[in-house]
Amino acid sequence: VQLQASGGGLVQPGGSLRLSCQASGRIFGINAMGWYRQAPGTQRELVADITRGGSTNYVDSVKGRFTISRDNAKNTIYLQMNSLKPEDTATYYCNAIIFGETYWGQGTLVTVSS
């Protein structure tokens, strides 16, 4: 299973970015997918996740600003990030749970700075 994340970059406070993560390989039975983030010196934290049926879950700090979505036909999830703040700066990782196993993609760096 491979997870390819993209879409990170440098953005000013208040700006927007859209992250994408496509799963490939032996992904039959893929269930929940999600985005985590890790800033230097901190633990990796859940940002948002989404089940195959479309149920979503967000960490409180991003509610109302970030939206996770999923295209099951493309085995891809997206994270639309609006009203970005400097504290959103982190490396963002996508993951997928397949038959109880968790797979991780490579991170994509998001930097929010003026």
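## A walk through an all-strand chain

Let us start at one small residue: leaving out residues up to four places away in sequence, G105 touches L3, Y93 and C94. This comes from a predicted model, and G105 makes a handy doorway into it. G105 belongs to the loop between β10 and β11, the latter covering residues 108-112. Its relative accessible area is 10%, so G105 counts as buried. Another partner in space is Q4: the two C-alpha atoms are 5.8 Å apart, although G105 and Q4 are separated by 101 residues in sequence.

Now step back to see the whole chain. The chain has 11 strands and zero helices, and reading along the sequence gives the pattern β-β-β-β-β-β-β-β-β-β-β. Its C-alpha trace spans about 40 × 25 × 20 Å along the principal axes. For 114 residues, a compact globule would have a radius of gyration near 13 Å, and the chain agrees, with 13 Å. Of these 114 residues, 38% count as buried. The chain exposes about 6,100 Å², and carbon and sulfur atoms supply 47% of that area.

How much of the contact network links residues 24 or more positions apart? Among contacts in the chain with a separation of 6 or more, such residues account for 52%. We have already met one meeting of residues far apart in sequence, that of G105 and Q4, and several more are waiting along our route.

One of the neighbours of G105 was C94, which brings us to the disulfide. A search of the whole structure finds one disulfide, and this bond joins C21 to C94, with an S to S distance of 2.0 Å. In general, a disulfide is a covalent bond between the sulfur atoms of two cysteines. Here C21 lies in strand β3 (residues 17-24) and C94 in strand β9 (residues 90-98), so the pair ties together parts that are 73 residues apart in sequence. Which hand does the disulfide have? The torsion about the S-S bond of C21 and C94 is about 55°, so the disulfide is right-handed. Are the two cysteines buried or exposed? Both C21 and C94 are buried.

Next come the aromatic rings. A search of the whole structure finds one aromatic pair. The rings of Y36 and W104 have centres 5.0 Å apart and planes at 70°; edge-to-face pairs need an angle over 60 degrees, so this pair is edge-to-face. Y36 sits in strand β4 (residues 30-38) and W104 in strand β10 (residues 101-104), so the pair ties together parts that are 68 residues apart in sequence. Y36 has a relative accessibility of 22% and therefore counts as partly exposed. W104 is partly exposed too, with a relative accessible area of 39%.

W104 also has a charged companion. The charged end of R44 sits over the ring of W104, 4.7 Å from its centre. R44 lies over the face of Y93 as well, at 3.7 Å from that ring centre. Y93 is a residue we have seen before, as one of those touched by G105.

For another buried spot, turn to V11, in strand β2 (residues 9-11). With a relative accessible area of 11%, V11 is buried. Setting aside neighbours within four places in sequence, V11 is in contact with S16, L17, L84, T111, V112 and S113. V11 and P86 are 75 residues apart in sequence, while their C-alpha atoms are 9.4 Å apart in space.

Our last stop is the backbone in two loops. Most residues other than glycine have a negative phi. Which way does N75 turn out? N75 is not a glycine, yet its phi is positive, near 50°. N75 is found in the loop between β7 (66-71) and β8 (76-81), and at 21% relative accessibility N75 counts as partly exposed. F99 is a second example: its phi is positive, about 50°, although F99 is not a glycine. F99 is found in the loop between β9 and β10. At 64% relative accessibility, F99 counts as exposed.

Key: Residues are numbered from 1 along each chain as its sequence is written. This is a predicted model: local features need pLDDT of at least 70, side-chain atom pairs count only at pLDDT 80 or more; totals for chains, interfaces and linings use all residues. Side-chain values use heavy atoms; hydrogens and water are left out. Rings of Phe, Tyr and Trp (its six-membered ring) pair if their centres lie within 6.5 Å; planes under 30 degrees apart count as stacked, over 60 as edge-to-face and the rest as tilted. Helices (H or I, at least four residues) and strands (E, at least two) are DSSP runs, numbered from the N terminus. Buried means under 20% relative accessible area, exposed over 50%, partly exposed in between (1.4 Å probe, protein chains only). A charge sits over a ring if NZ of Lys or CZ of Arg is within 6 Å of the ring centre and within 35 degrees of the ring normal. The radius of gyration is taken over C-alpha atoms; the globule rule is 2.2 Å times the number of residues to the power 0.38. Contact means heavy atoms within 4.5 Å. Accessible areas come from the Shrake-Rupley method with a 1.4 Å probe; for residues, only the protein chains shown count as cover. A disulfide is a pair of cysteine sulfur atoms within 2.5 Å.
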